[in-house]
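Q: Please zoom in on the salt bridges for me and show how they fit with the rest of the fold. I'm in my first year, so explain the terms as you go.

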Amino acid sequence: DPELQANLGILLAHLGRADEAAGRLRRAVELAPGFAAAHVELGKLERHRDVARAVHYEMGNATLCAEN
């Protein structure tokens with residue numbers, strides 16, 4: 001059931017389990033390619049993950065600059 005997969009994905013995302021969440025949301029999209037809500041949630045999750053990676057990268061650079 002694509003709606004169940006999407007709901008599980010959303011729940012997992014809220015619990016901080018991004019990889020599992022993405023898998024469930026991708027499964028929802030596979031089951032129902034026209035399921036817009038699953039596409040939206042997957043996009044939000046990926047955007048959040050990209051921002052988190054960017055912040056982590058920048059924090060690492062700031063630490064390196066402060067140490068030099």
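A: **The salt bridges and what surrounds them**

Let's start with the whole protein: its accessible surface comes to about 4900 Å², and carbon and sulfur atoms account for 59% of that. Such areas come from the Shrake-Rupley method with a 1.4 Å probe, and for residues only the protein chains shown count as cover. What you see is a predicted model, where local features need pLDDT of at least 70 and side-chain atom pairs count only at pLDDT 80 or more, while totals for chains, interfaces and linings use all residues. Residues are numbered from 1 along each chain as its sequence is written, and side-chain values use heavy atoms, leaving out hydrogens and water.

The fold is quick to sketch. The protein has three helices and zero strands, so-called DSSP runs numbered from the N terminus (helices are H or I with at least four residues, strands are E with at least two). Read from the N terminus, the order of elements is α-α-α. The protein has 68 residues, and 21% of them are buried. Buried means under 20% relative accessible area, exposed means over 50%, and partly exposed is in between. Now look at contacts (heavy atoms within 4.5 Å): among those between residues at least 6 apart in sequence, 39% join residues at least 24 apart.

Now for the part you asked about. A salt bridge is a side-chain nitrogen of Lys or Arg within 4 Å of a carboxyl oxygen of Asp or Glu, and this structure holds six of them. Let's go through three, including one that comes with a buried arginine.

Begin with Arg17 and Glu20. Their closest N and O atoms are 2.7 Å apart, and they form a salt bridge. Glu20 has a relative accessible area of 40%, so it is partly exposed. Arg17 comes in at 38%, so it counts as partly exposed too.

Next, find Arg49 and Asp19. These two form a salt bridge, and 2.6 Å separates their closest N and O atoms. Because Arg49 lies in helix 3 and Asp19 in helix 2 (residues 18-31), the pair ties together parts that are 30 residues apart in sequence. The two partners have quite separate labels: Arg49 has a relative accessibility of 18%, so it counts as buried, whereas Asp19 is exposed, with a relative accessible area of 58%. If you ignore residues up to four places away in sequence, Arg49 touches Ala18, Asp19 and Ala22. Keep Ala22 in mind, as it turns up again further down.

Then look at Arg26 and Glu46, another salt bridge, with 3.1 Å between the closest N and O atoms. This pair also links distant parts of the chain, with Arg26 in helix 2 and Glu46 in helix 3, 20 residues apart. Arg26 has a relative accessible area of 40%, so it is partly exposed. Glu46 has 23%, which again means partly exposed. Put the last two pairs together and you get a nice picture: Asp19, Arg26, Glu46 and Arg49 belong to one network, joined by salt bridges that share partners.

So what sits around that network? A nonpolar core is a set of buried Ala, Val, Leu, Ile, Met, Phe, Trp, Tyr and Cys residues joined through side-chain atoms within 4.5 Å. The largest one here has ten residues: Ala6, Leu12, Ala21, Ala22, Leu25, Ala28, Val29, Ala38, Leu42 and Leu45. Helix 1, helix 2 and helix 3 each supply at least two residues of this core, and helix 2 gives the most, with five. That fits a wider trend: in soluble globular proteins, nonpolar side chains tend to be buried together. Here's Ala22 again: this core residue is among the contacts of Arg49.

Val29, another member of the core, touches Ala38 and His39, not counting residues up to four places away in sequence. Ala38 is itself in the core.

One more stop, on helix 1 (residues 2-14), where you'll find Gln5. At 13% relative accessibility, Gln5 counts as buried. Leaving out residues up to four places away in sequence, Gln5 touches Arg24, Leu25, Arg27, Ala28 and Leu31. Two of those names, Leu25 and Ala28, are on the core list.

Technical notes:
Buried means under 20% relative accessible area, exposed over 50%, partly exposed in between (1.4 Å probe, protein chains only).
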